[in-house]
Amino acid sequence: MPSSPKMKFVLVSGGVVSGVGKGIIASSCGLLLKTLGLKVTAIKIDPYINVDAGTMNPKEHGECFVLHDGGETDLDLGNYERYLGVDLARDNNITTGKVYQQVIENERKGKYLGRTVQVVPHVIDAIIDTINRVSRVPVDKSGEEPDVCIIELGGTVGDIESMPFVEALTQLRHRAGKNNFINIHVSYVPVVNGEQKTKPTQHAVKSVRSAGLIPDLIACRCEKPLEQGTINKVASSCQVEVNQVLAVRDMPTIYQVPLLLEEQGLLRELRETLKLDDVKLSPARVSQGQEIWAKWQKIVPLGYAETVDIVLVGKYVELHDAYLSVIKALEHSAMRCGRKLNLIWVDSEHLEEKTQKEDPTKYHKAWHDVCVAKGILVPGGFGHRGTEGMIRAAQWAREQKTPFLGVCLGMQVAVIEAARNLCELKDATSEEFDANAEHRVIIFMPEGSKEKLGGTMRLGTRSTHFQPGSEFSKLRALYGEATTIEERHRHRYEVSPDYIEKLEQSGLIFIGKDDSGERMEVVEIKDHPYYVGVQYHPEYTSRVLDPSRPFLGFVAAAIGCLDQITKEILTDAGFANGSINGAHF
């Protein structure tokens, strides 16, 4: 039996400061490789000790992205899925916590045969073994092993917590062999008094080399295009050729970064260093790669003159990354409708009576933004803080016929609002907010755990079945002929079955339910331009070429073109499918 071809690895590391765009560069690199017809997977290494991102505060760490298997991961895995058109799994996110948990479990089982367990070799070998195993797992419907694995090393090289991973990646390079490993090091070039400074990059490259890694390409992040003199200086100071320095300037949208990197010659460097022309590809795969690139170039926004004003009423608006997938789903939908998204951020606490008394200016500004917006979105979240403001926003949208989309907690506050104002249950609330309330229309799921937080929610892809009599639904029409849909979930609370009949009599119709028929998944008001709540998180599966249906319907209704978009979806098979050879874009 012939052995599998050697895996090609592309490592994206960072220096100077974190948060300079390693994830977007890694994702863009993967997309460019797919345009050649290659199959690409991705791994994100996070050096923190948490086992996963599930218990992290979104204000500190940004969004927790949920994968199809229920893995709670770093938000960069969402970027990988959106750019590469793949479905990753929890193992594609490696953390210090996971690695040490595995090593300690092996020690307890006696797998090290009584040896002293150490960082070298045991932890290092565990990291390398995980990378080798995960890199060969198929990530699309073709079921074929990937040809190339993108590895993003989180944080900056030199951090204490990343040292074992740096050593492991150094050894992985040696084991992979010549022409099977390339390191793109992302650095930052600041401008001081009008002059582009290369010293931080010089020190960063010196530091990464002393740690054991060898940058083959240096991607210099900058606000404006790098001057040729700056590029020459980076090349000479860091002992690389001029063509090995990529000037990655800020772009109008992140979707244009792959175009910029291709223009900078990244694909040429990857082909030469990794000997990609030696990889055997069928004519069909080459053609599919060309099709991906053609479609990507076609949908990249060239600048739409008209905008659509959407207000997001949330709890974590101080850090926009807390809602990253929501933002991307809105962008995808706006692009599909030929508009530029103008997203207005409203802190839900600013809509509450408490703020009216303490800071009237913030209160009236927040309500002005809600009142003039073309659409109101209430996303997910946890805890009681700010939910009264969300409920008031949902009431405004319902009464004023403003298009509304509630996601997870957003659906639950819509149910609470209807229970209070349509069913006259004045103290209706969620068990999450008041466990002793008389009318808890939202309850804790019976199978959940109140003692253990990590990994105990209802997570991952689940089925939702459209109910008989829901043919009127604007949302259902966007899913075409489907009677059952698959969407990703992340929640602990659900609508109480005891109140379903009363709520439906008031006009809030539960058009989608789970396999048992007892868990409410989708709610909609019939006589409204678009008033939809979903218990699942449709933003996690939104793609550039195939926007999430609930978000697309919401944005289209806000613009006034929902009927047109619905007709186009039903007639445009390519758009409705949004996939190329099993890769969902």
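Buried here means under 20% relative accessible area, and the term matters straight away for strand β10 of this predicted model. Strand β10 covers residues 217-222, and six of its six residues are buried. Leu217, Ala219 and Arg221 point one way from β10, while Ile218, Cys220 and Cys222 point the other way; both sets are buried. The strand is thus mostly covered.

What sits alongside β10? On the one hand there is strand β7 (residues 181-188), which runs parallel to β10 and is joined to it by five bridges. Within that pairing, Ser187 is found opposite Cys220. On the other hand there is strand β11 (residues 245-249), again parallel to β10 and again held by five bridges. Here Arg221 has Val248 as its bridge partner. To get from β10 to β11 the chain goes through helix α8 (residues 228-237), and the resulting β-α-β crossover is right-handed.

A second piece of sheet turns up further along the chain. Three strands make an open sheet in the order β16-β17-β20, and the pairing is mixed. The edge positions go to β16 (429-430) and β20 (493-495); each has a single partner strand, so one side of each lacks a neighbour in the sheet. Strand β17 (residues 440-444) pairs with β16 in the parallel sense, over two bridges, and Thr429 stands opposite Arg440 of β17. Helix α16 (residues 409-421) packs on this sheet and touches β16, β17 and β20, with its direction at about 150° to that of β17.

Helix α16 itself is mostly covered, with twelve of its 13 residues buried. The buried set mixes side-chain types by name: Leu409, Met411, Val413, Val415 and Ile416 are among them, and so are Gln412, Glu417 and Arg420. Its length also checks out: at 1.5 Å a residue, the 13 residues of α16 should span 18 Å, and the end C-alpha atoms are indeed 18 Å apart.

Strands β18 and β19 form an antiparallel pair over eight bridges. One of the matched positions puts His465 against Thr484 of β19. Six of the eight residues of β19 (residues 484-491) are buried, so this strand is largely enclosed by the rest of the structure.

Now for the charged pairs. The structure holds 35 salt bridges. In one of them, Glu81 meets Arg543, with the closest N and O atoms 3.2 Å apart. Glu81 belongs to helix α3 (residues 76-84) and Arg543 to the loop between β23 (531-534) and α19 (549-559), so the bridge ties together parts that are 462 residues apart in sequence. Are the two partners buried or exposed? Glu81 has a relative accessible area of 0% and is buried; Arg543, at 1%, counts as buried too.

Another bridge runs between Glu521 and Arg458, whose closest N and O atoms are 3.0 Å apart. This pair also links distant parts of the chain, with Glu521 in strand β22 (residues 520-525) and Arg458 in strand β18 (residues 458-466), 63 residues apart. Both Glu521 and Arg458 are buried. Elsewhere, salt bridges with shared partners join Lys44, Asp46, Asp74 and Asp76 into one network.

The bridge between Arg398 and Glu399 has its closest N and O atoms 3.6 Å apart. Arg398 is buried, at 13% relative accessible area, whereas Glu399 is partly exposed, at 43%.

One loop position rounds things off. Pro138 lies in the loop between α5 (119-135) and β6 (148-153). With a relative accessible area of 35%, Pro138 is partly exposed. Leaving aside residues up to four places away in sequence, Pro138 touches Gly143, Glu144, Glu145 and Pro146. The C-alpha atom of Pro138 is also separated by 8.9 Å from that of Lys39, a residue 99 positions away along the chain.

Technical notes
Residues numbered from 1 in each chain as written. Predicted model: local features only at pLDDT ≥ 70, side-chain atom pairs only at ≥ 80, totals over all residues. Heavy atoms only, no water. Salt bridge = Lys/Arg side-chain N within 4 Å of Asp/Glu carboxyl O. Helix = DSSP H or I, 4+ residues; strand = E, 2+ residues; numbered from the N terminus. Buried < 20%, exposed > 50% of the residue type's maximum accessible area, 1.4 Å probe, protein only. Pairing = 2+ DSSP bridges. Contact = heavy atoms within 4.5 Å. Axes fitted to C-alpha atoms, helices over the stretch in contact; angles between N-to-C directions. Right-handed = clockwise from strand over helix to strand, strands pointing away. Expected span 1.5 Å × (residues − 1).
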